[in-house]
Amino acid sequence: MEYHLTTPLSKSDIDQLNAGDIVYLTGTVFTARDEAHARILEMEEKGVPLPFDLDGAVIYHCGPLMQNIDNKWQTVAAGPTTSSRMSKMTPTLLEKFDVRALIGKGGMQNVSESLRDQCVYLTYTGGCAALAAESIMNVSNVHWLDLGMPEAVWELDTIEFGPLIVGIDSKGCDLLSDVRKNAKKAFSKI
Amino acid sequence: MIHKITNDSVVNATIDILKKAETQLPSDVIDVLKQSQIRETSPIAKAQLSAILKNIEIAKERSIPMCQDTGILVFFVELGRDVHLDFNLEDAIVEGVRRATKIIPLRPNAVDPITRNNSGDNTGVGLPDIKYEIVDGNKLSITVAPKGAGSENMSAITMLNPTEVDSIRNFILTTVLNAGGMPCPPIIVGVGIGGSFDKAARLAKSALLQDINLKNMTKHERNILSDINSLRIGPMGLGGDTTALAVHIKTAHCHTASLPIAVNIQCWANRHASVTLGGDE
């Protein structure tokens, strides 16, 4: 099935999605990778409010290549980064914030229970940064540039960002983990 | 008469090959990706390969980096023994990297390993990584291979016992299996066998520079490629026929008590470009 969704996402938006479905997203996505995850969790623990709203939000595991022209940020290339690096921090993130979708590549480990009834994991084709930039219309904000360009949180306005494949749905189905299990079986037969 | 190699010509050549490597994939890689897209039987996998091919076209057309991870910059320099340089070659390459970071632009990826402070211009202690080789002749050849972290992080090295030659294939397959979808498959697998701990890794990395068409692979390499693809990890780990595009093995003599094996994994964006300066007019 193919879905065209608009952010912020509701629970019903994501409950209809099954692993393997195709999604195109329109609206705001927040980039966040290793350092941004660590800072979000650190601020939450100290009770300091975040400078952006993660309710119904889409988090994109991405360290974009940006260019500042005439004091305006433009997206040059913005493909996904390896999501597994965020696997350990994701359960706490989802416990504290109503994030509805994560976008990344390569799959995540031990997060399907944290995603259940709350969030989906979507994969975007790794390395397709020029293609991704075509559907990013505007950079509406940037936070925490002190972390460096790749690690900052960029608010990106997208139109029909995709095709995204549902890697882990909100019912516990994990497409990439199934592929991995089958690969292990095939390996044992070689 | 011999073409004079100047500081400026090296700086400009460095910028040129960086621009080419980051925005245009070598034709052998594109050809194999196209063939794989046609052959692929899984619809999800086919869609991933189509996105990759579309991305390659957009990057070339708009002259922008194909991947936001423009990598750390690895240079392979071949310096002819008859070349005389009246400037510092390393400084010229570093200057080329600094300028290319702004001009192309490239993502600043170089950070201090402990403080994680970003230098902002892709240079730093030991970066760019430049490997030198002295060769015959009066030419200077420079190759750049930008290396992204997604695939580099999935690479592995081991020191096997000398009697474990039969385990080499197992180590290569285990490395690919553990990597799963994380290094952006379809991948290219560079293997270094022998040498020393660091030599094996250098062999594996330089193996990635070879032309990846099937004709350029030995029977042994093709067999390992077929084993890898039978795992059905598929493009981006979403399942499918196309897990790897090529396997290249390089060997070197090693200590009688050693058997070092390095597996350097490369994502589909097997970026590299070269230039030759100097030579006879």
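Two strands count as paired if DSSP finds at least two bridges between them. The exercises below apply to a predicted model.

**Exercise 1. Determine which strands of chain A pair with β9(A), and in what sense.**

Solution.
1. Begin with strand β2 of chain A, residues 22-31. Seven bridges link β2 to β9(A), and the sense is antiparallel. One residue pair fixes the register: I22(A) has I165(A) as its bridge partner in β9(A).
2. Next take β7(A). Three bridges connect β7(A) with β9(A), again with antiparallel strands. Here L122(A) is partnered by V166(A) of β9(A).
3. Last, strand β8 of chain A, residues 136-143, is joined to β9(A) by six bridges and runs antiparallel to it. In this pairing N141(A) lies opposite E155(A) of β9(A).
4. Each of these bridge counts meets the cut-off of at least two.

**Exercise 2. Trace the neighbours of strand β6 of chain A and state whether its residues are buried or exposed.**

Solution.
1. On the β3 side, strand β3 of chain A (residues 58-60) runs parallel to β6(A), with three bridges between them. Y60(A) is opposite I103(A) of β6(A).
2. On the β7 side, four bridges tie β6(A) to strand β7 of chain A (residues 120-123), and the two strands are parallel. I103(A) has L122(A) as its partner in β7(A).
3. For the faces, recall that side chains in a regular strand alternate between the two faces of the sheet.
4. In β6 (residues 101-104) of chain A, one side carries A101(A) and I103(A), the other L102(A) and G104(A). These four residues are all buried, so both faces of the strand are covered.

**Exercise 3. Describe the sheet of chain B that contains β8(B), and the helix that packs on it.**

Solution.
1. The strand order is β2-β1-β3-β8 in chain B; the four strands form an open sheet with mixed pairing.
2. The edges are β2 (129-135) and β8 (273-278) of chain B, each of which pairs on one side only.
3. From one strand to the next the twist averages 15°.
4. Strand β3 of chain B (residues 139-147) runs antiparallel to β8(B), with six bridges between them. L140(B) is paired with L277(B) of β8(B).
5. Helix α1 of chain B (residues 7-23) packs on this sheet and touches β3 and β8 of chain B. The direction of α1 makes about 160° with that of β8(B).

**Exercise 4. Classify the packing of α1(B) with helix α4 of chain B.**

Solution.
1. The axes of α1(B) and α4(B) (residues 89-103) are 8 Å apart, and the angle is about 45°.
2. Because this angle is neither under 35 nor over 145 degrees and is outside the range 65 to 115, α1(B) is oblique to α4(B).
3. The handedness of the crossing is right-handed.
4. The α1(B) residues in the contact include V10(B), I15(B) and L18(B), while those of α4(B) include A92(B), I93(B) and V97(B).
5. Sorted by class, the contact comprises ten nonpolar, three polar and three charged residues.

**Exercise 5. Identify the side of chain A that touches chain B and its main contributor.**

Solution.
1. The contact involves 39 residues of chain A and 40 residues of chain B.
2. In chain A, the elements that supply at least two residues each are β4 (65-69), β5 (72-77), α5 (129-134), β9 (153-168) and α6 (175-189).
3. The most comes from α6(A), which gives nine residues.
4. By class, this side of chain A has 20 nonpolar, 15 polar and four charged residues.

**Exercise 6. Locate the unusual backbone geometry in the two chains.**

Solution.
1. In chain B, the peptide bond between L127(B) and P128(B) is cis, with omega about -5°. P128(B) belongs to the loop between α4 and β2 of chain B.
2. The bond from P185(B) to P186(B) is also cis, omega being near 10°. P186(B) is in the loop between α6 and β5 (187-194) of chain B.
3. In chain A, D70(A) is not a glycine but has a positive phi of about 50°. This residue sits in the loop between β4 and β5 of chain A. D70(A) counts as exposed because it has 5 C-beta neighbours inside 10 Å, the limit being 12 or fewer.
4. W144(A), not a glycine either, has a positive phi of about 60°. Its place is the loop between β8 and β9 of chain A. With 17 other C-beta atoms within 10 Å, W144(A) is partly exposed.

Conventions. Residues are numbered from 1 along each chain as its sequence is written. Chains are lettered from A and ligands numbered from 1 in the order in which they are written. This is a predicted model: local features need pLDDT of at least 70, side-chain atom pairs count only at pLDDT 80 or more; totals for chains, interfaces and linings use all residues. Axes are lines fitted to C-alpha atoms, for helices over the stretch in contact, and angles run from 0 to 180 degrees between N-to-C directions. Two residues are in contact if their C-beta atoms, placed from the backbone, lie within 7 Å. A residue is buried if 20 or more other C-beta atoms lie within 10 Å of its own, exposed if 12 or fewer, and partly exposed in between; C-beta atoms are placed from the backbone. Ala, Val, Leu, Ile, Met, Phe, Trp, Tyr, Cys and Pro count as nonpolar, Asp, Glu, Lys and Arg as charged, and the others, Gly among them, as polar. A crossing is left-handed if the near helix is turned anticlockwise from the far one by less than a right angle, and right-handed if clockwise.
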